[in-house]
Structures are given as C-alpha cells and as structure tokens.
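This report walks through selected features of one protein model, with attention to how charged side chains pair up and how far each is covered by the rest of the chain.

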Amino acid sequence: MPADYDKDAYPEPPRQTPVADKQTALPNPALIVSKLFYYSVDLPVTTFRGVVDSIRANNKSVYYHQKFRRVADLTECEEGDYLCYYEAEMQWRRDFKVDQEIVKVVQERLRACQQREGASYHQNCGKEMRQFNEVTNAFQLRYGDLGAYASGRKCLMKQKERMMAAQAQEA
C-alpha cells in the first residue's frame, strides 16, 4: 500500500443488509428441500439434456424447412392420372404461397425505405418502387381474377386465355 493512503479519509458506507443472527442449531428446511430438488431432479435432467444436445449437434440438419421436389405441371399429366393432378395442384398451392411471401418481402422493403427516407421517398426509393411494381404486376397477371376458390387448373386456363388473346392481337 502506498504511504499516502488513509483509510479514515474514505470510510466504508454502512451495510444495508442486516447480518443474520442464527437463533437455532437446526438446519433450514427450505435449504434442505432446495438441495434435495437440485440433486434429485435438476442436476440429472440438466446433465441428460446436455448429453442429448451434444449428440444432436453432431447430426445437425442444414435446412430448417421441409424441402419438396418439383413435380409435373398440369400440362404434363396424363389424362385420368388423378395422383398427378393432385401433386400438380399441391405444387401450384406451394408456388402461390411462395409468390405471396415474395410480394410481402418486397412490400416490407418498400415500406422500410419509405419510413427511412420520409417525405423524399419518391426520389430515394425509386429502385424499391420499381421492384414492387414489377412483382405486384407479375403476381396480378398470374393470380389475379382467380377468385376465392383459386386452383392450378383455373390458373392454367387463365394463362391459356391470355396466350390466345395475345395471338389474336398479333394476327
């Protein structure tokens, strides 16, 4: 210790917690119950969980979602192949949900840019606005006017009608 240190110059403040006076020689029952619970339940469960987690860490899966293989489109199904029809319909529904999520993500990006830029978002968020317009136009072109009971078959018929209208305009 340095020679210029004076303990009385900075006295310790009085303690706020009173010192516990032990009145009895008997052990505390709450302490006994807590230790009993710790050693009989908590410690074995925690140890078991640690072992299981270490085993799972070795066999960790890369993907966090179910991965589906692409199946045939309705145009590729044989006539009367109802299983192919069903698989194509489920594939269309998955594609529809993915396209909905893409629209949501692009919309969130546009909203974030609008929030960040404030009143001058027309100038500074041009890229996001163009991307949002492209995505919503593509979504509307593919899924618009299908109604509440949309299906892969209705979407295919809409696409066929759109192609026929484009050919009629060319001719």
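## A charged pair within helix 1

Aspartate 53 is partly exposed, its relative accessible area being 34%. Arginine 49, by contrast with a buried residue, is exposed, with a relative accessible area of 52% against a cut-off of over 50%. In this model, which is a predicted one, the side chains of arginine 49 and aspartate 53 meet in a salt bridge, with a distance of 3.2 Å from N to O.

The spacing of the two residues fits this pairing: arginine 49 and aspartate 53 are four residues apart in helix 1 and are therefore separated by about one helical turn. An α-helix has 3.6 residues a turn, so residues three or four places apart point the same way.

## The course of helix 1

Helix 1 comprises 30 residues, from 29 to 58, which at 1.5 Å a residue should span 44 Å, and the distance of 43 Å between its end C-alpha atoms agrees with that expectation. The helix nevertheless has a kink of about 40°, centred on tyrosine 38. At the start of helix 1, a side-chain oxygen of asparagine 28 comes to within 3.2 Å of the backbone nitrogen of alanine 30.

## A nonpolar patch on the surface

Phe37, Val41 and Val45 make a nonpolar surface patch of about 270 Å². Of these residues, valine 41 lies in helix 1, and with a relative accessible area of 37% valine 41 is classed as partly exposed.

## Salt bridges between the loop and helix 2

Seven salt bridges are found when the whole structure is searched. One of them joins the side chains of arginine 69 and glutamate 87, at 3.9 Å from N to O. This pair links distant parts of the chain, since arginine 69 is in the loop between helix 1 and helix 2 (82–117), whereas glutamate 87 is in helix 2, 18 residues apart. Arginine 69 counts as exposed at 58% relative accessibility, while glutamate 87 is partly exposed, with a relative accessible area of 29%.

Another salt bridge is formed by the side chains of arginine 70 and aspartate 95, at 2.8 Å from N to O. Because arginine 70 lies in the loop between helix 1 and helix 2 and aspartate 95 lies in helix 2, the pair ties together parts that are 25 residues apart in sequence. Arginine 70 is exposed, with a relative accessible area of 59%, whereas aspartate 95 has a relative accessible area of 15% and is therefore buried, the cut-off being under 20%.

Notes. Residues are numbered from 1 along each chain as its sequence is written. This is a predicted model: local features need pLDDT of at least 70, side-chain atom pairs count only at pLDDT 80 or more; totals for chains, interfaces and linings use all residues. Side-chain values use heavy atoms; hydrogens and water are left out. The expected span of a helix is 1.5 Å times one less than its number of residues. The bend at a residue is the angle between axes fitted to the seven residues ending there and the seven starting there. A polar contact is a pair of N or O atoms within 3.5 Å; within protein, one must be able to donate a hydrogen and the other to accept it, and residues adjacent in sequence count only if both atoms are side-chain atoms. Patches are made of residues with over 30% relative accessible area and no salt bridge: like charges are joined within 9 Å, nonpolar side chains (Val, Leu, Ile, Met, Phe, Trp, Tyr) within 5 Å. Accessible areas come from the Shrake-Rupley method with a 1.4 Å probe; for residues, only the protein chains shown count as cover. A salt bridge is a side-chain nitrogen of Lys or Arg within 4 Å of a carboxyl oxygen of Asp or Glu. Buried means under 20% relative accessible area, exposed over 50%, partly exposed in between (1.4 Å probe, protein chains only).
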